[in-house]
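The exercises below concern strand pairing, burial and backbone geometry in a single protein chain. Each task is followed by a solution in steps.

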Amino acid sequence: MRQDTAANTTSDPAVANGLEMPQEAMLELAREAAEILVRRREELAGEDAWDGEFRDALEERLMRDPPEDGQPATEVMERAVRDVLSLAVRLDHPRCFGFIPSSPTWPGVIADFLAAGYNVNACNWLTASGPSHLECIVIEWFRSWLGLPETAGGVLTSGGSAASVDALVAAREAAGYPERAAVYMSDQTHPAQYRAAKISGIHPDRARIVPSDGRSRIDLDALARMVAEDRAAGLNPIAVCANAGATATGAIDPLPELADFCAAEGIWFHVDAAYGGFAAVTERGRKLLSGIERADSVGLDAHKWFFQPYEVGCLLVRDVSTLEEPFEIRPTFLQDSLWGSGHPNMVDRGLQMSRSARALKIWMSVQTFGMAAFRESISRGMDSAARAEAYIDASPVLECLSPATLSIVCFRVNPAGVDLAEEALDELNREVLARLFWEDPAFVSSAVVSGKFALRLCIVNYNTTWDDVREVLEAAERFGREALKQL
Ligand SMILES: Cc1ncc(COP(=O)(O)O)c(C=O)c1O
């Protein structure tokens with residue numbers, strides 16, 4: 001391949017055009033950005049996990065017409081850091097337990113910087129053979145971790161929501177675009193699946209919500225009943241979306257039974273493993289996710305429990321042709337991209353055309369740290385959740401509402417010997433959550449478990465220690481006791 005013969009060393013601003021920068025200024029800006037980020041990481045644990053601002057205050061700070069003349073780049077960057085980037089949940093804070101946090105590795109962050117700088121468009125092989133091949137490699141790693149067959153393949157996506165849309169489009173195509181198609185998911189399923197069903201043309205009434213059992217897992221009998229009734233009513237069941245790590249509780253649906261059911265019924269078996277999928281790199285996680293290898297498609301997010309910066313999800317399909325059939329495009333203006341053979345064009349595997357080189361961050365992080373470090377960090381998240389459950393069970397003030405599953409545990413303040421009605425308990429726990437939010441450095445979010453307001457910890461940060469978890473549990477106990485006195 002072609003090599004540059006001479007490096008362009010032009011740094012004279014006089015020859016730069018209006019959007020170019022002299023080399024020294026580029027380096028200074030990049031150096032300062034790196035210093036800001038490294039300093040931020042050093043100071044992170046001493047900060048609160050949440051920061052934010054109300055709309056009118058932000059309006060005052062930021063709402064300006066775009067300037068006609070440029071301003072010094074370092075000043076612009078410093079404003080961006082102070083007035084924009086800092087006003088957000090610090091999702092990589094070791095005490096950030098809300099929603100599904102994320103804690104990107106530094107090589108992953110740098111990979112995004114490099115990919116942007118190289119301005120790669122991983123659309124097809126012609127535009128990006130190296131990045132396309134790397135994407136194949138990373139997808140092959142994921143395939144083998146989940147135990148899918150060698151026929152499986154996939155595509156990196158912006159995240160779990162996009163992966164769900166691609167999956168249901170593939171399911172609909174595989175079913176032959178039937179009229180009155182229906183899709184099934186439990187009441188614990190992330191709404192991204194429901195939305196994906198609607199986007200892929202399923203009437204909202206036929207995106208069927210199946211009740212879950214006492215462990216937040218899909219009720220198999222109810223599912224079988226609904227599918228039978230729907231068939232009798234002339235509907236065409238085309239897909240079941242199973243959870244492999246439901247967002248609220250971490251619940252994993254009975255995957256082997258669902259695989260049997262879908263195979264017997266001829267229904268596409270999709271598994272949403274956006275949060276839980278990467279547990280499969282550990283022995284414990286692989287056991288918990290057993291049955292996932294029988295899926296027709298699996299969505300999983302490396303920007304959740306595989307320590308990558310946003311946005312990188314993945315859709316794997318059992319037979320990659322099921323993805324290429326609905327998504328392949330052959331416009332004449334891309335005819336030049338069809339050179340060579342035996343390579344995929346990623347544009348043919350999903351809804352996105354211009355795409356960044358997402359595989360790079362995964363590959364660079366894994367090469368830098370090695371899989372043992374990833375396994376250890378993921379295991380530690382599971383260990384901490386199990387330890388949190390034990391702490392809650394031993395606490396006279398706390399009650400476990402959903403046992404540690406993968407790395408999520410849900411609980412509430414419900415002191416022994418105090419008889420409070422459910423509504424009062426919900427109110428008490430809302431108060432505890434509010435105090436955690438305003439007074440504690442941790443960031444915790446809530447869920448509803450079996451109709452009860454729950455405090456929820458999701459532990460997916462490679463820097464979170466047991467002390468971080470214990471201290472937030474202690475804070476919940478303390479705030480709970482104090483709130484109780486006010487009643
Ligand atoms: C289980 C599950 N599925 C899907 C999604 C949506 O993924 P994304 O936010 O990457 O689009 C989430 C997000 O948290 C999730 O937890």
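**Exercise 1. Establish how strand E6 is joined to the strands beside it, and how far it is covered.**

Solution. The model is a predicted one.

Step 1. Begin with the partner E5: three bridges link E5 and E6, and the two strands run parallel. One point of registry is His-270, whose bridge partner in E6 is Ser-297.

Step 2. Trace the connection. E5, helix H10 (residues 283-288) and E6 form a β-α-β unit that is right-handed.

Step 3. Turn to strand E7 (residues 313-317). E6 pairs with E7 over five bridges, here in the antiparallel sense. Within this pairing, Asp-301 stands opposite Gly-313 of E7.

Step 4. Assess burial. Strand E6 (residues 297-301) is largely enclosed by the rest of the structure, because five of its five residues are buried. The covering applies to both faces: Ser-297, Gly-299 and Asp-301 are buried on one side, and Val-298 and Leu-300 on the other.

**Exercise 2. Place strand E4 among its parallel partners.**

Solution.

Step 1. Strand E2 (residues 181-186) and E4 run parallel and are joined by five bridges. In this pair, Ala-181 has Asn-236 of E4 as its bridge partner.

Step 2. E4 also pairs with strand E5 (residues 268-272), again through five bridges and in the parallel sense. Asn-243 is matched with Asp-272 in E5. Between these two strands the chain passes through helix H9 (residues 255-265), and the resulting β-α-β crossover is right-handed.

Step 3. Check the covering of E4 (residues 236-243): seven of its eight residues are buried, and the strand is mostly covered.

**Exercise 3. Determine which residues of helix H7 are buried, and whether they lie on one side or on opposite sides of the helix.**

Solution.

Step 1. In helix H7 (residues 191-199), the buried residues include Ala-192, Gln-193, Ala-196 and Ala-197. These four lie on the same side of H7, because they cover an arc of only 140 degrees around the axis.

Step 2. Recall the helical repeat: an α-helix has 3.6 residues a turn, so residues three or four places apart point the same way.

Step 3. Identify what covers the buried residues of H7. Helix H6 (160-174), E2, strand E3 (207-210), E4 and E5 are among the covering elements.

Step 4. Note the residue after the helix: H7 is followed by Gly-201, which has a positive phi near 95 degrees.

**Exercise 4. Characterise the surroundings of Cys-123 and Ile-408.**

Solution.

Step 1. Cys-123 is located in the loop between helix H4 (106-118) and helix H5 (129-146). The residue counts as buried because 20 other C-beta atoms lie within 10 Å.

Step 2. Look for partners far away in sequence. Val-347 is 224 residues from Cys-123 along the chain, yet their C-alpha atoms are separated by 5.0 Å. Beyond the neighbours within four places in sequence, the contacts of Cys-123 are Ala-128, Met-346, Val-347, Met-353, Ser-354 and Arg-355.

Step 3. Repeat for Ile-408, which belongs to strand E9 (residues 408-413). Ile-408 has 29 C-beta neighbours inside 10 Å and therefore counts as buried.

Step 4. Ile-408 and Ala-251 are 157 residues apart along the chain, with 8.8 Å between their C-alpha atoms. Apart from neighbours within four places in sequence, Ile-408 touches, in the sense of contact, Thr-249, Gly-250, Ala-385, Arg-456, Leu-457 and Cys-458.

**Exercise 5. Describe the backbone at Asn-119, Arg-180 and Glu-311.**

Solution.

Step 1. Asn-119 is not a glycine, but its phi is positive, about 55 degrees. Asn-119 lies in the loop between H4 and H5, and it is exposed, with 8 other C-beta atoms within 10 Å.

Step 2. Arg-180, likewise not a glycine, has a positive phi of about 50 degrees. Arg-180 sits in the loop between H6 and E2. With 14 C-beta neighbours inside 10 Å, Arg-180 is classed as partly exposed.

Step 3. The peptide bond joining Tyr-310 and Glu-311 is cis, with omega about 0 degrees. Glu-311 is part of the loop between helix H11 (302-305) and E7.

**Exercise 6. Describe the shell of residues around the ligand.**

Solution.

Step 1. The ligand is surrounded by 13 residues, of which the closest are Gly-159, Gly-160, Ser-161, His-190 and Ala-274.

Step 2. Sorted by class, this shell contains four nonpolar, seven polar and two charged residues.

Technical notes: Residues are numbered from 1 along each chain as its sequence is written. This is a predicted model: local features need pLDDT of at least 70, side-chain atom pairs count only at pLDDT 80 or more; totals for chains, interfaces and linings use all residues. A residue is buried if 20 or more other C-beta atoms lie within 10 Å of its own, exposed if 12 or fewer, and partly exposed in between; C-beta atoms are placed from the backbone. Two strands pair if DSSP finds at least two bridges between them. A crossover is right-handed if, with the strands pointing away from the viewer, the path from the first strand over the helix to the second runs clockwise. The arc is that of the directions from the helix axis to the C-beta atoms. Two residues are in contact if their C-beta atoms, placed from the backbone, lie within 7 Å. A residue is near a molecule or strand if its C-beta atom, placed from the backbone, lies within 6 Å of it. Ala, Val, Leu, Ile, Met, Phe, Trp, Tyr, Cys and Pro count as nonpolar, Asp, Glu, Lys and Arg as charged, and the others, Gly among them, as polar.
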